[in-house]
Every structure is written in C-alpha cells, then in structure tokens.
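Student: I have a structure open and a few questions about it. Can we go through them one at a time?

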Amino acid sequence: MNQPSLKHIRTPLARVRGLGAAHSGTGHFWRQRLTAVANIPLTIAAVIIIVMLLGRNQAAAAQILGSPLVAIIMLLFIASITAHMRIGMQVIIEDYVHDEIAKLVLIMANTFFTIAVALASAYGIFKLSFGV
Amino acid sequence: MAETKAPAARPLSPHLQIYRPMLTMTMSIAHRITGAGLYFGTVLLAWWLLAAASGPNGYAKFEWFAGSLIGRLILFGYTWALIHHMLGGIRHLIWDTGRGFGPSEREWLVAANLIGSIAITVLLWTVGLLAMGGPR
C-alpha cells in the first residue's frame, strides 16, 4: 500500500471535498461563456425581429410577437441575456465595491433586477401568445 | 485586547493611470461599459414587450418615447452598445481558445471590433429608417 503523500498540508479528504474556502469553482466562468455563445445567434434573431416590427402598429406587432416561432426565440433571447448580464454585473460589483455589506446588498439587488426584467419580458410574450 | 498596529505604508501595485492608453485596453473598458449599459437598457426591452401586450394605448406611449429625439439617441446608443458588446464577445471567445494574441493580431481584432460595430449600427439604422418610411 502506498503511503499518502504529505507534500502538502491539505488532507486528502479536503481535496476530495473540493474547493476549500472558495466554496465554488468555475461555474460562473463557464455559464458566462455558454450564455455568450447562445447570445450571438439569439441577438441576431432578435434584432431581425425588431427591424421587421418597425413602423407596424400595435395589432400587427402583437400578432408577430405572439406567433410561436418569434415568441420562442424572444423567450430564449431573454433567458440567455438575463442570465449573462446577471453574472457580468456581479463581476463588476465584486471588482469595484469593497465594503462587504454594500457588496452583498448590490449582488442581491442585481439578482432581483435581473429576475424582474426576465419575468416581466416573459410575461409580455406569454400574454401576446396566449391572449390572456 | 491589544491595539492593532496601523499597517505599514507599503507600496501599492501600479493601477490604470500609470499606463499609456492603448486600443486593446480602451476596448476592454468599452466592453465593460457597453455591458453595463445593455444591462440597464433591458428595462426598455421589457417595457416594449409589455406595451405590445397591453394594447394600442400602451404601445402608443412606447412609440412616442422611441420616436422622440432623446428616445432615438438612447436607442441608437443601445444599438451600438449591443453590436459592440456582441463583436467584443466574439473577440473574447477567440481569445479564450488561445488564438489571436500576437501583437498585430490583437490590434487587428480590436480595430475590427470598433469599425464593425459602427458600420453595422449605421447599416441597421439605415435599414430601420427605410422600413419606417424614411426619417421623420
């Protein structure tokens, strides 16, 4: 049987358990890139939809936005950009706000704002799609 | 408890102001600023969708704002920020693969980012204004 190497003070158990005081790893890094890749085609599609709707009245805009393909694209667009912007704003807050309480409050506010924007936008699209 | 000693006045590491501004650095800052602008601009996206869902009166209010001078300026800036951040994001994804870091490559990438974002914004607004039946 091999003796466990004691070149480091960290115990093998701590290494198995994972990330120590950091608690979490590359989750945000990966999700920021995942949503960045998703944002590219979704933004192009959303821009095309918005240009298509320019100059149309509310009835026409509502009909196009509520049609299945457009509604689903817009929902995906909103989900992806709000997930992306939440992580991005958290990085900005963590970079510039060094007071612990203020930082926590702003990170909470960031989450609330992002979810509110996402749900309000999704509500509009669902209302247009289902006519409730 | 013993008094905590004041920390020794150690030299701080140099920060932004000691560096000569370079295009790559400026574009890095622009990427963050456009990202923050897009963040708050999503309120307009939510307003537009809710207005379309609310009916002709609500939509007319949004259209009045979007057609006003200040509204158009904000939307023009928003268009540029969106395209600039998207192209900047593509540049960062290229850099994530380890490519494009050579002295001329990185300068070329940031220049393409800036020129591309301005060109696409102008193109989109030209198409948009034509779609609306010319500038009003």
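Student: Where is the kink in α2(A)?
Tutor: At A:Asn39, shortly before the proline A:Pro41, and the kink is about 35°. The bend at a residue is the angle between axes fitted to the seven residues ending there and the seven starting there. Helices are DSSP runs (H or I, at least four residues), numbered from the N terminus.

Student: Before I go on, what sort of model is this, and how is it numbered?
Tutor: It is a predicted model, in which local features need pLDDT (the predictor's confidence in each residue, from 0 to 100) of at least 70, side-chain atom pairs count only at pLDDT 80 or more, and totals for chains, interfaces and linings use all residues. Residues are numbered from 1 along each chain as its sequence is written, and chains are lettered from A in the order in which they are written.

Student: Back to α2(A). What span should its 27 residues have?
Tutor: 39 Å, at 1.5 Å a residue. The expected span is 1.5 Å times one less than the number of residues. The end C-alpha atoms of α2(A) are 37 Å apart, which agrees.

Student: Which residues of α2(A) are buried?
Tutor: A:Thr35, A:Ala36, A:Asn39, A:Leu42 and A:Ala46. Buried means that 20 or more other C-beta atoms, placed from the backbone, lie within 10 Å of the residue's own.

Student: What do they pack against?
Tutor: α4 of chain A together with α3 of chain B. From the other side, the buried residues of α3(B) pack against α2 of chain A together with α1 and α4 of chain B. Among those buried in α3(B) are B:His84, B:His85 and B:Arg91.

Student: New topic, the interface. How many residues of chain B are in contact with chain A?
Tutor: 28, and they meet 25 residues of chain A. Contact means C-beta atoms, placed from the backbone, within 7 Å. On the chain B side, α1(B) gives the most, with 13 residues.

Student: And the largest nonpolar core, how many residues has it?
Tutor: 32, and those touching the most other members are A:Leu65, A:Met74, A:Phe77, A:Leu128, B:Trp48, B:Leu49 and B:Ala52. Such a core is a set of buried Ala, Val, Leu, Ile, Met, Phe, Trp, Tyr and Cys residues joined through C-beta atoms within 7 Å. Its largest share, nine residues, comes from α1(B).

Student: What are the confidence scores?
Tutor: The model scores ipTM 0.86 and pTM 0.86. For chain B the mean pLDDT is 91, and 93% of its residues reach 70 or more.

Conventions
Contact = placed C-beta atoms within 7 Å. Helix = DSSP H or I, 4+ residues; strand = E, 2+ residues; numbered from the N terminus. Buried ≥ 20, exposed ≤ 12 C-beta atoms within 10 Å, placed from the backbone.
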